[in-house]
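Please load the model in the viewer and keep a selection panel at hand. The stops below are meant to be visited in order.

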Amino acid sequence: MNYPPQAHTGSRQTIDMNSGRDIIFLDRVDSTNTYLKNRPELWDRSFVTVVAAEQTGGRGRHTRKWHSKPGSDLTFSTLCIPPQSVHDPSPITVIAGLAAYRCLRRYCGKGLNLKWPNDILYGNKKLGGILCEMVVGKRGAAVIVGIGINVNSTDFPEEISSTATSLKTITGKEHDVRAVCGGILDELSSLMRDFRVPLDRGLLEEWTAASASIGRRVTFHLDGKEETGTIAGINPDGSLVLIGSTGAIIDSYKDEIFYKLE
Ligand code: BTN
């Protein structure tokens, strides 16, 4: 399905007076990622951010839907122009995960973890997700970093009710959605300032410590066949190192993996 560029209402202001950031607030939009994707005139505006109170067609990876409750949850996208060009969004997804982790840890502490490539979990329930998409503007490659965080939702559609959680569910109280957004943006802008590929060893160690992925058994697709293996680590380009069932190392894996419930 194509989302027409005009599918939004209520663009309120472009400079957030509190933070001085270049932020477009929308009351309603199909998807904040799609909004930026459809507007090449914004692709050279480094760190322009679109925040929507409501998304009517929120998207996740692999054409999955992203659900959020209007006015209660955080849905935003930021256009990042990396200081060093990238060929795919994988290393930026790692950075975006760390930005979200650093911010959300202040709200919910232990229990928060990252699942490669794009899930933000609390325990084994999904608190948020990241969708990074590339565009190429006049200043070169840019990555649209879309982040959705369940902030104040407490009831979810049936299909995700057993797998989703929110900051309110975890902490027992409501949180200011804009403050969560500002906190993630602060972390993202500081991480992006020093961004380079290969990613720094310190960041990889931080991601590894924050993640529940290392050592997890997964299924994945290789040469058209389904394989079983274990995640051994992440590479400095954001890809995975997997160990297949025969002990063979599969390096630089970037496709979909399925975590085995054990
Ligand atoms: C996933 O879990 O697969 C990624 C979910 C990403 C959702 C966010 S919400 C803001 C931005 N706009 C979208 O349509 N998707 C991302």
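**First stop: aromatic rings**

Searching the whole structure, which is a predicted model, yields 1 aromatic pair. Select Phe220 and Tyr253 and display their rings: the centres are 5.4 Å apart and the planes stand at 70°, so the arrangement is edge-to-face. The angle decides the class here, because planes over 60 degrees apart count as edge-to-face. Now colour the two strands involved. Phe220 belongs to strand β9 (residues 217-222) and Tyr253 to strand β12 (residues 249-253), so the pair ties together parts that are 33 residues apart in sequence. Phe220 and Tyr253 are both buried.

**Second stop: the hairpin of β11 and β12**

Keep β12 selected and add strand β11, residues 240-244; the two strands pair in the antiparallel sense over 3 bridges. Which residue of β12 is the bridge partner of Leu242? Selecting Ile250 shows that partner. Next, display the 4 residues between the strands, where Gly247 takes a positive phi near 95°.

**Third stop: the ligand**

Centre the view on the ligand and display the 21 residues around it. Those that come nearest are Ser31, Gln55, Arg59, Arg61 and Lys126. Three of the contacts can be checked with the distance tool:

- Arg59: a backbone N or O atom is 2.7 Å from a nitrogen atom of the ligand.
- Arg61: a polar backbone atom lies 2.8 Å from an oxygen atom of the ligand.
- Lys126: an N or O atom of the side chain is 2.5 Å from an oxygen atom of the ligand.

**Fourth stop: helix α4 and its N-terminal end**

Select residues 177-193, which form helix α4. This helix has 17 residues and reaches 24 Å from its first C-alpha to its last, close to the 24 Å expected at 1.5 Å a residue. Which residues of α4 are buried? Among them are Val177, Val180, Ile184, Leu188 and Met192, and the list also includes Glu187 and Ser189.

At the N-terminal end of α4, display the side chain of Asp176, which caps the helix. One of its side-chain oxygens lies 3.0 Å from the backbone nitrogen of Arg178. Then follow the side chain of Arg178 to its charged end, which sits over the ring of Phe25 at 4.0 Å from the ring centre. For another arrangement of this kind, select Arg39 and Tyr35: the charged end of Arg39 sits over the Tyr35 ring, 3.7 Å from its centre.

**Fifth stop: helix α3 and the loop to α4**

Select His175 in the loop between α3 and α4. Is this residue buried or exposed? With a relative accessibility of 12%, His175 counts as buried, because the cut-off for that class is under 20%. The side chains of His175 and Thr171 are joined by a polar contact of 2.8 Å.

Ile170 lies in helix α3, residues 167-171. Its relative accessibility is 21%, so Ile170 counts as partly exposed. Add Cys108 to the selection: the C-alpha atoms of Ile170 and Cys108 are separated by 6.9 Å, although the two residues are 62 residues apart along the chain.

**Last stop: helix α2**

Finally, select helix α2, residues 90-108, and pick out Arg105 within it. Arg105 is partly exposed, at a relative accessible area of 39%. A C-alpha to C-alpha distance drawn from Arg105 to Asp251 reads 30 Å, for a separation of 146 residues in sequence.

Note on methods. Residues are numbered from 1 along each chain as its sequence is written. This is a predicted model: local features need pLDDT of at least 70, side-chain atom pairs count only at pLDDT 80 or more; totals for chains, interfaces and linings use all residues. Side-chain values use heavy atoms; hydrogens and water are left out. The expected span of a helix is 1.5 Å times one less than its number of residues. Buried means under 20% relative accessible area, exposed over 50%, partly exposed in between (1.4 Å probe, protein chains only). A polar contact is a pair of N or O atoms within 3.5 Å; within protein, one must be able to donate a hydrogen and the other to accept it, and residues adjacent in sequence count only if both atoms are side-chain atoms. Rings of Phe, Tyr and Trp (its six-membered ring) pair if their centres lie within 6.5 Å; planes under 30 degrees apart count as stacked, over 60 as edge-to-face and the rest as tilted. A charge sits over a ring if NZ of Lys or CZ of Arg is within 6 Å of the ring centre and within 35 degrees of the ring normal. Two strands pair if DSSP finds at least two bridges between them. A residue is near a molecule or strand if one of its heavy atoms lies within 4 Å of it.
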